[in-house]
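Notebook open, coffee poured. I want to see how the helices pack and what sits in the middle.

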Amino acid sequence: MTDGNHEQGQGSEQGGGGFTGGDRERLPGRQRRRFPGISSRAYEHPADRSALVALRKLSGFDTVFKALSGLLPERSLRLLFLSDSVRVSDEQFSHLNSMLRDACYILDLEKVPAMYVTQDPKPNAMCIGLDEPIIVVTTGLVELLDEEEMRAVVGHEVGHALSGHSVYRTILLFLTSLALKVAWIPLGNIAIMAIITGLREWFRKSELSADRAGLLVGQDLQASMRGLMKIAGGNHLHEMNVDAFLKQAEEYEAGGDLRDSVLKIMNVLPRSHPFTTVRAAELKKWAESRDYQRVMDGHYPRRDEDKDTSVTDSFKESASHYADTVRTSKDPLMKLVGDIAGGAGDLGGKLRGKFGGGNGAGSAGTGSGPGA
């Protein structure tokens with residue numbers, strides 16, 4: 001996607017964190033749109049906002065949040081990465097530094113976050129920190145992705161920074177570690193695990209928002225798809241196909257009966273990220289939507305309007321999103337919820353039929369078991 005009014009090299013020199021003339025050579029050889037003053041509301045998934053609201057209403061969350069905000073060893077965290085990782089700069093991982101500055105320029109993030117590469121064969125990236133966000137990428141990820149795929153990942157993490165997600169991510173990491181240490185205290189562990197479960201639910205939704213930010217930065221849907229596919233299946237791109245990968249997401253959503261729906265919920269609960277095929281399908285859906293096209297055309301909410309944003313409107317948007325999700329979902333549980341909401345049949349009878357193998361449930365389950 002191009003923008004005839006945007007000179008990418010000149011723009012990055014002015015707003016991308018202080019590029020010099022030589023840095024232009026490391027910028028992509030195509031023009032991409034920039035979004036001055038863009039608010040994170042432009043790309044945030046409705047489920048992200050509603051999950052965060054639900055999290056804040058969780059009993060004890062405010063108390064824990066306020067206590068941890070003053071106790072978390074953020075200085076220690078920064079020193080740890082400074083001492084045992086490689087800080088991205090013009091002298092180290094300069095291509096990542098160019099991507100980082102470029103991403104901050106495109107999303108108009110005023111201060112470029114510190115970024116580190118840490119030795120870990122597992123492909124991963126995160127944005128953490130309370131006062132100021134820190135972006136960390138693993139060597140496994142750097143070695144796995146090509147330049148355009150990596151650009152989407154860097155944009156993903158800059159999106160987390162712009163949305164303020166790093167604060168809650170840091171608390172989630174700390175509480176997960178704390179839960180292991182106090183597992184022998186029954187009541188204490190239950191309280192912490194309730195908050196961890198709420199944080200994980202929100203964070204999974206926030207990943208969908210950050211995937212959208214990555215697409216706004218990279219502006220290459222195929223690169224975003226390839227990156228997610230590689231994270232799922234490794235660096236064997238010649239053996240994989242994006243369309244076939246997306247069909248897996250359709251099969252995952254629609255396959256099986258209510259028992260499979262329950263298993264999906266159980267499988268995702270311990271995870272901090274949504275399943276990769278689901279992320280790919282959600283991102284493709286947004287890329288084909290009118291909302292995405294409006295952002296690309298320059299019609300998006302600005303940060304200076306955030307203070308005037310109506311909480312009621314945000315709730316309505318989230319409620320509308322969930323209603324559409326239930327209405328259009330092929331998942332057996334979601335279809336049942338839709339039927340009940342529409343007054344079609346009684347809950348007890350439908351549950352007995354679905355779980356008891358009636359109405360063809362057994363045959364549906366046979367064709368899409370774990371091995372499918």
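How are H10 and H13 oriented to each other, roughly parallel or roughly antiparallel? Before trusting my eye, I reminded myself that this is a predicted model.

**Entry 1: H10 and H13**
I pulled up helix H10 (residues 221-233) and helix H13 (residues 276-287), and their axes cross at roughly 170°, coming within 9 Å. Anything over 145 degrees counts as roughly antiparallel, so that is how H10 and H13 lie to each other. Next I looked up who makes the contact. From H10 I noted Leu221, Ser224, Met225, Leu228 and Ala232. From H13 I noted Thr276, Arg279, Ala280, Leu283, Lys284 and Ala287. Sorted by class, this contact has seven nonpolar, two polar and two charged residues.

**Entry 2: H5 and H7**
I then moved to helix H5 (residues 94-106) and helix H7 (residues 147-163). Their axes are 9 Å apart and the packing angle is about 50°. H5 and H7 are therefore oblique to each other. I also checked the hand of the H5 and H7 crossing, and it is right-handed. On the H5 side the contact uses Leu96, Met99, Leu100, Asp102, Ala103 and Cys104. H7 answers with Glu147, Met150, Arg151, Val154, Gly155 and Val158. I wrote down the classes for H5 with H7: eight nonpolar, one polar and three charged.

**Entry 3: the cores**
Which residues have the most contacts inside the largest nonpolar core? I found Val137, Met150 and Leu216, in a core of 48 residues. H5 gives the most to this core, with seven residues. Met150 was already on my list, from the H7 side of the contact with H5.

I clicked on Val137 to list its neighbours, skipping residues up to four places away in sequence. It touches Leu96, Met115, Tyr116, Val117, Thr118, Asn124, Ala125, Val142 and Met150. Leu96 I knew from the H5 side of the H5 and H7 contact.

There is also a second, separate core, with 13 residues, including Ala51, Leu130, Leu172 and Phe203. A note to self on the background: in soluble globular proteins, nonpolar side chains tend to be buried together.

**Entry 4: the whole chain**
Last, I zoomed out. I get 18 helices and four strands for the chain. It has 372 residues, and 44% of them count as buried. I also looked at how far apart in sequence the contacting residues are. Taking contacts between residues at least 6 apart, 75% join residues at least 24 apart.

Methods. Residues numbered from 1 in each chain as written. Predicted model: local features only at pLDDT ≥ 70, side-chain atom pairs only at ≥ 80, totals over all residues. Heavy atoms only, no water. Axes fitted to C-alpha atoms, helices over the stretch in contact; angles between N-to-C directions. Helix = DSSP H or I, 4+ residues; strand = E, 2+ residues; numbered from the N terminus. Parallel < 35°, antiparallel > 145°, perpendicular 65-115°, else oblique. Left-handed = near helix turned anticlockwise from the far one by under 90°. Contact = heavy atoms within 4.5 Å. Nonpolar A, V, L, I, M, F, W, Y, C, P; charged D, E, K, R; others polar. Core = buried A, V, L, I, M, F, W, Y, C linked by side-chain atoms within 4.5 Å. Buried < 20%, exposed > 50% of the residue type's maximum accessible area, 1.4 Å probe, protein only.
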